[in-house]
Amino acid sequence: MFLACLSWFCTSLLVFVNGGKLPEAEVKITVLHKPFLCHRKSKYGDILLVHHEGYLSNGTKFHSSYTQGDKQPVWFTLGIKEVIKGWDKGLQGMCAGEKRRLIIPPALAYGKEGKGKIPPEATLTFNIEVIEIRNGPRSHESFQEMDLNDDWKLSKQEVRRLGQMDRRTERVTGRQVGPQTGRWTDRQTDRQTD
Ligand SMILES: [Ca+2]
């Protein structure tokens, strides 16, 4: 009788603590590589340049930006639902050069429907390498200004244009060019010559 009461009490306590809700789906994060130097960490609103590989739970690779398409890393804005929720949650606080493995439950990926090669209710594993982190647009208006073709995504060209505008501002204001900005300039030069 005492045990029954105790178990009833514990269950009620649990429901009370959780507010009767199911626990929220979580992303499992494993850091695969952390660079020695970290000038800044990614946060909501930043624009990230990433390489990524995606796997289904049976080990099938469904995408790799290293080997597919134009084999280039992709830009996206963190935390504005431009990408699946699992990425928005799992790619915060990262350094440029850091690599993470994310295991994302279907609720934070493509859910009950699935999408393309992704079957319904699929748990996905991504290996993601952050190549570059830049300040994103700080307001709705500045995002719209950057998004030249109004598709609610920032393409490589649109982000590159922001980089060029930033450098112009630095020349005008004479602001000290930080290591990150310097690296960006080098990378841009590299890309233009290759
Ligand atoms: Ca766009």
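## Strand pairing

Two strands are taken to pair when DSSP finds at least two bridges between them. The model discussed here is a predicted one, and strand β2, covering residues 47-55, has three pairing partners described below.

Strand β2 and strand β6 (residues 124-134) run antiparallel and are joined by nine bridges. Within this pairing, Thr 125 of β6 stands opposite Tyr 55. Strand β4 (residues 74-77) is also antiparallel to β2, with four bridges between the two. Here Trp 75 in β4 is the bridge partner of Leu 49. As general background, the side chains of a regular strand alternate between the two faces of the sheet.

The third partner of β2 is strand β3 (residues 61-64), which pairs with β2 in the antiparallel sense through three bridges. His 63 in β3 is the bridge partner of Gly 54. β2 and β3 form a hairpin with five residues between the strands, and in this hairpin Gly 59 adopts a positive phi near 95°.

## Overall architecture

The protein contains six strands and five helices. Along the sequence, these elements follow the order α-β-β-β-β-α-β-β-α-α-α. The protein has 194 residues, of which 17% count as buried.

Contacts between residues at least 6 apart in sequence were also examined by separation. Of these, 65% join residues at least 24 apart.

## The nonpolar core

The largest nonpolar core has 22 residues. Those that touch the most other members are Leu 48, Leu 91, Ile 104, Ile 128 and Val 130. Two or more residues of this core come from each of β2, β5 (99-104) and β6. The greatest contribution is that of β6, which supplies five residues. In soluble globular proteins, nonpolar side chains tend to be buried together.

Two of these core residues, Leu 91 and Ile 104, may be considered individually. Leu 91 lies in the loop between α2 and β5. Leu 91 counts as buried because its 26 C-beta neighbours inside 10 Å satisfy the cut-off of 20 or more. Apart from neighbours within four places in sequence, Leu 91 is in contact with Ser 42, Leu 48, Leu 78 and Ile 128. Among these partners, Leu 48 and Ile 128 are also listed with Leu 91 as core residues that touch the most other members. Leu 91 and Tyr 44 are separated by 47 residues in sequence, yet their C-alpha atoms are 9.4 Å apart in space. With the same exclusion of sequence neighbours within four places, the contacts of Ile 104 are Val 27, Ile 84, Gly 86, Gly 90, Ala 109, Thr 123, Leu 124 and Phe 126.

## Loop residues

Ile 80 occupies the loop between β4 and α2 (85-90). Ile 80 has 17 C-beta neighbours inside 10 Å and therefore counts as partly exposed, since this number falls between the limits of 12 or fewer for exposed residues and 20 or more for buried ones. Ile 80 and Asp 46 are 34 residues apart in sequence, and the distance between their C-alpha atoms is 9.8 Å.

Two residues that are not glycine have a positive phi: Glu 121, at about 55°, and Asp 150, also at about 55°. Glu 121 is located in the loop between β5 and β6. Glu 121 is partly exposed, as 14 other C-beta atoms lie within 10 Å. Asp 150 belongs to the loop between α3 (140-146) and α4 (156-173). Asp 150 counts as exposed because it has 7 C-beta neighbours inside 10 Å, a number within the limit of 12 or fewer.

## Confidence of the model

The mean pLDDT of the protein is 80, and 72% of the residues reach 70 or more. Over residues 169-194, pLDDT stays under 50. For this segment, the model has 10 contacts beyond four places in sequence.

Key:
Residues numbered from 1 in each chain as written. Core = buried A, V, L, I, M, F, W, Y, C linked by C-beta atoms within 7 Å. Contact = placed C-beta atoms within 7 Å. pLDDT = per-residue confidence, 0-100.
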